[in-house]
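This briefing covers the surroundings of one asparagine and a set of charged pairs. The model is shown below.

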Amino acid sequence: TTLFFGIGFCNKRKISPEYKNLPKKVGILGAGMMGAGVAHATAMAGIECMLKDRDLESAEKGKLVVEKILEKAVKQKKLDPSKKEKVLALITPSGDPNIMAGCDLVIEAVIENRELKALVTKESEAVMDSTGIFASNTSTLPITGLATASMRPDNFIGLHFFSPVDKMPLVEIIKGEKSSEHALNYCLAYVKKIKKTPIVVNDGRGFYTSRVFTTYINEGIRALHEGVPAEHIEKAGVLSGMPVGPLKIADEVGLDLIHHIYNQTIKDLGEASVDKNCFEAIKLFVEELKRVGRKSSSGFYDYQSDGKNILSPLLVEHFGGKNPVDEDLLKQRLMAIQCIESIKCLEEGILENATDGDVGSILGWGFPACKGGTLRYVESEGLVVFKNRCANLATQFGDRFSPPTLLTKLIDEGKTGFIR
């Protein structure tokens, strides 16, 4: 039902008629893999696109990424060669901030650095359309905080894409404390125009998708620290229905990005805000071992030239990996931790309804579609059954598995599901 009714609900969100043909001209700040992916999606929709990086050479590399995506589509006969040239003609690479002049939507896709994001916000707002929207593609930093660098915080909002953008169908729209309905409508119109599915959430660190998704990675790393063999952790993830195990996903995301997010979180909220064991494991691989994931051909896995990927022997060297494991219990942990965090997002108002949560979990990070999403899964298991499972896991593995307050409240009220 989530894939049919849930996605239908998200795709059919009402947009005021005056936004139907907007935006007209989109600026993208940052021409890395993410920025290039956003440029590809934007130009494919027939929208003029300004792709800006620190210099022209870097911006042109971003456009080259788009060209390679298009060439692959042409070879697979999914795209007419003439369309390829039309799409590329819509993308203008540049290193000049003034290229944002006249843009009615600017999407910031630079690294997760608060100071850099503030700098490019101010540079762009100085020249972009005065009624235009500035959207940050940050994956974790709260939008309300980033909006303090803006001259027009009511026109500042979050647009979180997923990598690789040309394949991932979801966009998470994040409303900051001052984000207006005008900004929301603009972004909904844009997401519809580029043929993606939007979910709309409220502000908070990690928002919804990044916040919940990282619990899966963290739980895998915690098990690693407990001495659970890495191959058992990965197997449990796949058997629970996830596309790949938590260690493999960490490599795909990039251990360096996770490391950067941990450091920014500690800087903002203190050391107690992150799990010590998870942080130390990531720090070891990034800082000491210089292994940052698939992009460097080495992370938790070794990526061989013949295409084979094997778990690194370093995992046994540093974490042991000799302790026996209860496979069913490990599967329960990997599933439950995601569901608990989703319930907390609903409880705290990050999610306004369970449907956005379910669609976001399936399309955003690959929560098993057969389970209906993180919140539908809890409903199908039964609220009481799931609460008891959480209590059992909390006894064995810690307070992070304690049943959320909202879950207990709904059970006490005789409810069987969440608000949809």
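In this predicted model, N137 has contacts with M34, I107, E108, A109, L159, H160 and F161, leaving aside residues up to four places away in sequence. N137 lies in the loop that runs between β5 (133–136) and α6 (143–146). The salt bridges, 30 by count, are taken up after this residue.

**Surroundings of N137**

- N137 has a relative accessible area of 8%, so it falls under the 20% limit and is classed as buried.
- The side chain of N137 comes to 2.7 Å from the backbone nitrogen of F161.
- F161 is also listed among the residues that N137 touches, together with L159 and H160.
- The list of contacts further includes I107, E108 and A109, as well as M34.

**Salt bridge D358–R420**

- D358 and R420 are joined by a salt bridge in which the closest N and O atoms are 2.8 Å apart.
- This pair connects distant parts of the chain, with the two positions 62 residues apart in numbering: D358 belongs to helix α15 (residues 354–365), and R420 to the segment after α18 (405–412).
- D358 is buried, because its relative accessibility is 0%.
- R420 is partly exposed, with a relative accessibility of 36%.

**Salt bridge D166–K167**

- A salt bridge brings together the side chains of D166 and K167, at 3.6 Å from N to O.
- D166 has a relative accessible area of 33% and is therefore partly exposed.
- K167, at 57%, is exposed, since the class begins over 50%.

**Salt bridge K415–E413**

- The closest N and O atoms of K415 and E413 are 3.3 Å apart, and the two residues form a salt bridge.
- K415 is partly exposed, at a relative accessible area of 43%.
- E413 is likewise partly exposed, with a value of 41%.

**Network and total**

- A network of salt bridges links E219, R222, E226, D275, R333 and R400.
- The acidic members of this network are E219, E226 and D275, and the arginines are R222, R333 and R400.
- The count of salt bridges comes to 30.

Methods
Residues are numbered from 1 along each chain as its sequence is written. This is a predicted model: local features need pLDDT of at least 70, side-chain atom pairs count only at pLDDT 80 or more; totals for chains, interfaces and linings use all residues. Side-chain values use heavy atoms; hydrogens and water are left out. Helices (H or I, at least four residues) and strands (E, at least two) are DSSP runs, numbered from the N terminus. Buried means under 20% relative accessible area, exposed over 50%, partly exposed in between (1.4 Å probe, protein chains only). A polar contact is a pair of N or O atoms within 3.5 Å; within protein, one must be able to donate a hydrogen and the other to accept it, and residues adjacent in sequence count only if both atoms are side-chain atoms. Contact means heavy atoms within 4.5 Å. A salt bridge is a side-chain nitrogen of Lys or Arg within 4 Å of a carboxyl oxygen of Asp or Glu.
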